[in-house]
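Biologist: I'm new to this one, could you walk me through it?
Modeller: Gladly, have a look at it here and then ask away.

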Amino acid sequence: MIRCLACDSEDLEVPVAVQSALKNKLLGSMSKCVVCGSVNSTINHAELQKLYSTRDSSNYPNSGKLFLFLKRMSFKLITKRYFLGTKGQVIVDYGCGGGEFLNALSLSLRENKYLAVDLQDCRPKTLLPSIDYVSVKDFQEYGKVDVVILRHVIEHFSDPVGELQKIRNKLNEHGELLIECPVMESAWRVLMAEKWPGYFYPFHTFVPTTEGLNILMNRAGLRVNQLNKVEPPVFGVYFMYLKLPRTLARFLSIIFYPLQWVVSFVFLRSEAVLVRAMPIVE
Ligand SMILES: [Zn+2]
């Protein structure tokens with residue numbers, strides 16, 4: 001029996017087929033929660049753990065130089081807005097991947113201390129030497145921190161409430177949690193149907209609605225203070241699902257990005273949301 005990872009309801013609809021991001025598998029299945037509308041993967045958790053046993057097994061494309069540069073530029077534009085005025089804080093990128101986001105952040109706001117956290121024991125080669133690295137396991141021994149960023153991470157957790165509670169306990173008194181993740185409200189989910197990259201089966205265990213995300217945060221003892229719409233590019237993975245070569249898919253994703261933005265804007269939707277949350281003090 002699977003339960004909704006966002007709201008814990010047992011009331012799930014019949015699973016629907018979604019595109020798989022794994023080359024050797026074409027389809028996976030996810031079922032929609034009747035209560036909050038979030039979708040939940042039907043993959044068994046042991047299978048999921050196997051996917052993350054090595055860094056190389058993750059399906060994220062390795063970035064070429066041009067794309068790394070573009071990524072850095074776009075990160076620079078958003079980081080200033082999100083961290084306006086922060087100084088002397090300990091800022092954590094939890095699930096840092098190659099560390100591109102924290103690299104850009106540390107270069108645009110130099111007066112903070114930065115810590116990268118990920119599953120592996122050894123630090124990513126692409127992470128700047130000025131940034132500290134610890135594994136998820138060792139993070140529990142690390143002191144209190146001011147800001148924890150989870151960029152496209154919670155939708156990978158098999159126990160999001162438990163993980164968020166652990167992270168919440170690492171925040172100091174005025175600490176903040178920043179979470180970015182795809183949401184079911186995306187106009188592109190409707191347009192791309194089972195090939196919507198937001199499903200990213202089997203790597204995503206669930207994809208919340210905005211309502212589901214709010215319920216999840218509350219269950220983890222967090223209060224959402226702010227919710228912003230954000231538009232991470234959606235066409236790159238979509239074109240790879242359509243079997244286009246990776247370089248072409250990435251190139252087209254840049255060309256199509258303005259279209260993505262316009263469609264989301266017209267439908268008053270967004271591909272993802274960024275929430276700022278704080279621990280609920282009892
Ligand atoms: Zn639910």
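**A walk through the model**

Modeller: A good place to begin is helix α3, whose buried residues are Glu-100, Phe-101, Leu-102, Asn-103, Ala-104, Leu-105 and Ser-106. Please keep in mind throughout that this is a predicted model.

Biologist: Is α3 largely enclosed or left open, and why?

Modeller: Seven of the nine residues of α3 are buried, so the helix is largely enclosed by the rest of the structure.

Biologist: And which strands go with α3 in a β-α-β unit?

Modeller: They are β4 and β5, which together with α3, residues 100–108, make a right-handed β-α-β unit. Strand β4, residues 90–94, runs parallel to β5 and is joined to it by five bridges. As one pairing to look for, Ile-91 has Tyr-114 in β5 as its bridge partner.

Biologist: What does β5 pair with besides β4?

Modeller: β5 also pairs with β6, in the parallel sense and over four bridges, and there you can find Val-117 standing opposite Val-134 in β6. Five of the six residues of β5 are buried, so this strand, like the helix before it, is largely enclosed by the rest of the structure.

Biologist: What comes between β5 and β6 along the chain?

Modeller: There is a loop between β5 (113–118) and β6 (132–135), and Lys-125 has its place in that loop. Lys-125 counts as exposed because it has 7 C-beta neighbours inside 10 Å, where 12 or fewer is the cut-off for that label.

Biologist: OK, and the nonpolar core, which residues touch the most other members?

Modeller: The largest nonpolar core has 67 residues, and those touching the most other members are Ala-6, Val-92, Tyr-94, Ala-116, Val-148, Leu-177 and Ile-179. As general background, nonpolar side chains tend to be buried together in soluble globular proteins.

Biologist: Say I click on Ile-179, what does it touch?

Modeller: If you leave out residues up to four places away in sequence, Ile-179 touches Leu-150, Ile-154, Val-275 and Ala-277.

Biologist: Changing topic, how many residues does helix α9 have, and how far does it reach?

Modeller: Helix α9, residues 246–266, has 21 residues and reaches 29 Å from its first C-alpha to its last, which is close to the 30 Å expected at 1.5 Å a residue. There is nevertheless a kink of about 45° at Phe-256 in α9, and this kink lies shortly before the proline Pro-258.

Biologist: Which of its residues are buried, and what follows the helix?

Modeller: The buried residues of α9 are Arg-250, Gln-260 and Ser-264, and the helix is followed by Leu-268, whose phi is positive, near 55°.

Biologist: How far is the kink residue Phe-256 from that loop lysine, Lys-125?

Modeller: Their C-alpha atoms are separated by 31 Å, and along the chain Lys-125 and Phe-256 are 131 residues apart.

Biologist: Which other residues have a positive phi without being glycine?

Modeller: Among them is His-152, which is not a glycine although its phi is positive at about 50°, and it lies in the loop between β7 (145–151) and α5 (160–168). His-152 counts as buried because it has 20 C-beta neighbours inside 10 Å. Another is Phe-200, a residue other than glycine with a positive phi near 30°, and its 22 C-beta neighbours inside 10 Å are why Phe-200 counts as buried too.

Biologist: Where does Phe-200 sit?

Modeller: Phe-200 is in the loop between α6 and β9, and Pro-202 has its place in the loop between α6 (187–192) and β9 as well. Pro-202 is joined to Tyr-201 by a cis peptide bond, with omega at about 0°.

Biologist: What order do the strands of the sheet with β9 follow?

Modeller: That is an open sheet of four strands in the order β1-β2-β3-β9, with antiparallel pairing. β1 (16–19) and β9 (206–207) stand at the edges and each has a single partner strand, so one side of each is left without a neighbour in the sheet. Further in, β2 (residues 27–32) and β3 (residues 39–41) pair over three bridges in the antiparallel sense, with Ser-41 in β3 as the bridge partner of Met-30.

Biologist: And Lys-25, is that buried or exposed?

Modeller: Lys-25, in the loop between β1 and β2, is exposed, with 11 other C-beta atoms within 10 Å. Lys-25 and Arg-246 are 221 residues apart in sequence, and from C-alpha to C-alpha they are 18 Å apart in space.

Conventions:
Residues numbered from 1 in each chain as written. Predicted model: local features only at pLDDT ≥ 70, side-chain atom pairs only at ≥ 80, totals over all residues. Core = buried A, V, L, I, M, F, W, Y, C linked by C-beta atoms within 7 Å. Contact = placed C-beta atoms within 7 Å. Helix = DSSP H or I, 4+ residues; strand = E, 2+ residues; numbered from the N terminus. Pairing = 2+ DSSP bridges. Right-handed = clockwise from strand over helix to strand, strands pointing away. Expected span 1.5 Å × (residues − 1). Bend = angle between axes of the 7 residues up to and from the residue.
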